[in-house]
Amino acid sequence: MLTIIPDVLTPSQIQNAVSMLASGQFVDGRLSAGSMAKQVKNNEELKQNSALLERLNAIVMSSLVQHPLFQAVTHPLRIASPFYARYGADKSYGDHVDDPVMGPPGGQYRTDVSTTVFLNEPEEYEGGELVINTPFRQQSVKLAAGSAVVYPSSSLHHVNKVRAGTRLVAVTWIQSMVRSPEKRELLYTLYQARESLLKSSPDSVETAQVDQSYVNLVRMWAEI
């Protein structure tokens with residue numbers, strides 16, 4: 001399931017994040033890539049021991065993980081420290097599937113869900129679309145600054161070549177309490193129905209039934 005989450009960041013948060021990235025030290029993105037991805041990865045990433053990381057995460061990741069839609073879509077158990085990626089002219093990332101397990105020994109996590117948070121406006125660069133293979137078609141994603149896209153980490157995807165300008169994104173991965181993408185999709189559909197009923201008919205029997213079903217399905221399927 002591919003889901004767009006708008007307005008993860010406020011305009012002031014976006015401005016602060018971009019300003020910090022402008023003063024950051026970037027390195028070859030292939031340093032963080034697996035053996036297959038190294039062959040198709042051509043970008044830059046903020047150095048992982050950068051003093052800016054904690055400040056950036058306080059803005060970007062704090063807002064993302066607290067977003068109710070992000071929680072409803074992913075049911076996060078573990079969330080990776082993000083990579084802040086920069087794509088200048090002629091940079092791209094060819095077709096790849098994210099590694100199934102990431103993290104250092106003792107701190108490893110399964111990658112169920114991938115998330116890209118767009119940090120600058122789409123008109124600031126040409127190209128650079130994130131293209132994700134879904135069961136039905138390829139979907140091209142290029143969002144407004146502060147918006148995020150969430151999709152299964154098992155999806156084949158790539159980033160088109162940036163023809164001009166600079167693309168700035170934060171990328172992270174989630175191990176979900178609900179391992180099955182099909183179950184996560186069913187839960188999200190039920191969540192949407194529950195939220196609608198809570199607004200339109202909060203005291204109805206049907207609302208209580210849907211709420212109970214949603215809560216108990218999460219209880220049934222969650223792996224902690």
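The following exercises, each with a worked solution, examine strands, cores and empty spaces in a predicted model.

Residues are numbered from 1 along each chain as its sequence is written, and side-chain values use heavy atoms, with hydrogens and water left out. Because the model is predicted, local features need pLDDT of at least 70 and side-chain atom pairs count only at pLDDT 80 or more, while totals for chains, interfaces and linings use all residues.

**Exercise 1. Strand E10**

Determine where Thr115 lies and whether strand E10 is buried or exposed.

Step 1. Thr115 belongs to strand E10, residues 113-118. Helices (H or I, at least four residues) and strands (E, at least two) are DSSP runs, numbered from the N terminus.

Step 2. Thr115 counts as buried because its relative accessibility is 0%. Buried means under 20% relative accessible area, exposed over 50%, and partly exposed in between (1.4 Å probe, protein chains only).

Step 3. Beyond its neighbours within four places in sequence, Thr115 is in contact with Leu64, Phe70, Ala148, Val149, Val150, Ala170, Val171, Thr172 and Ile174. Contact means heavy atoms within 4.5 Å.

Step 4. In a regular strand the side chains alternate between the two faces of the sheet. In E10, Val113, Thr115 and Val117 are buried on one side, and Ser114, Thr116 and Phe118 are buried on the other.

Step 5. Six of the six residues of E10 are buried, so E10 is largely enclosed by the rest of the structure.

**Exercise 2. Partners of E10**

Identify the strands that pair with E10 and give a bridge partner in each.

Step 1. Two strands pair if DSSP finds at least two bridges between them.

Step 2. E10 pairs with E14 in the antiparallel sense over five bridges, and Ser114 has Tyr151 of E14 as its bridge partner.

Step 3. E10 also pairs with E17, again antiparallel, over six bridges; here Phe118 is partnered by Val169 of E17.

**Exercise 3. The open sheet**

Establish the strand order of the open five-stranded sheet and state which strands stand at its edges.

Step 1. E3 (residues 41-42) is joined to E7 by two bridges, and the two strands run antiparallel. Asn42 stands opposite Ser92 in E7.

Step 2. Two bridges join E7 to E15, also antiparallel, with Tyr93 partnered by Val159 of E15.

Step 3. E12 and E13 pair in the antiparallel sense over four bridges, and Leu130 stands opposite Val141 in E13.

Step 4. The order is E3-E7-E15-E12-E13, with antiparallel pairing. E3 and E13 (138-141) stand at the edges with a single partner strand each, so one side of each has no neighbour in the sheet.

**Exercise 4. Nonpolar cores**

Describe the largest nonpolar core and the second, separate core.

Step 1. A nonpolar core is a set of buried Ala, Val, Leu, Ile, Met, Phe, Trp, Tyr and Cys residues joined through side-chain atoms within 4.5 Å.

Step 2. The largest core has 37 residues, and Val60, Tyr84 and Leu119 make the most contacts inside it. Elements that give it two or more residues include helix H1 (11-22), H2 (52-66), E10 and E14. H2 provides the largest share, seven residues.

Step 3. The second, separate core has 22 residues, among them Tyr87, Val141, Val149 and Trp173.

**Exercise 5. Pockets and cavity**

Characterise the two largest pockets and the largest cavity by volume and lining.

Step 1. On a 1 Å grid over the protein atoms alone, a cavity is a set of points where a 1.4 Å probe fits but cannot get out, and a pocket is an open set with protein on both sides within 12 Å along at least five of seven lines; lining residues have an atom within 4 Å of a point. Grid points are joined across faces, edges and corners, and a volume is the space filled by probe spheres set on the points.

Step 2. The largest pocket holds about 440 Å³ of space. Of its 29 lining residues, Lys41, Tyr93, His96, Asp98 and Trp173 lie nearest its centre. E17 contributes the largest share of this lining, four residues.

Step 3. The second largest pocket has a volume of about 370 Å³. It is lined by 16 residues, with Met1, Leu2, Thr134, Pro135 and Pro152 closest to its centre. H4 supplies the largest share of this lining, three residues.

Step 4. There is one cavity of 30 Å³ or more, and the largest cavity has a volume of about 70 Å³. Its lining consists of Met1, Val73, Thr74, Val113, Val150, Tyr151, Pro152, Pro181 and Arg184. E14 gives the largest share, three residues.
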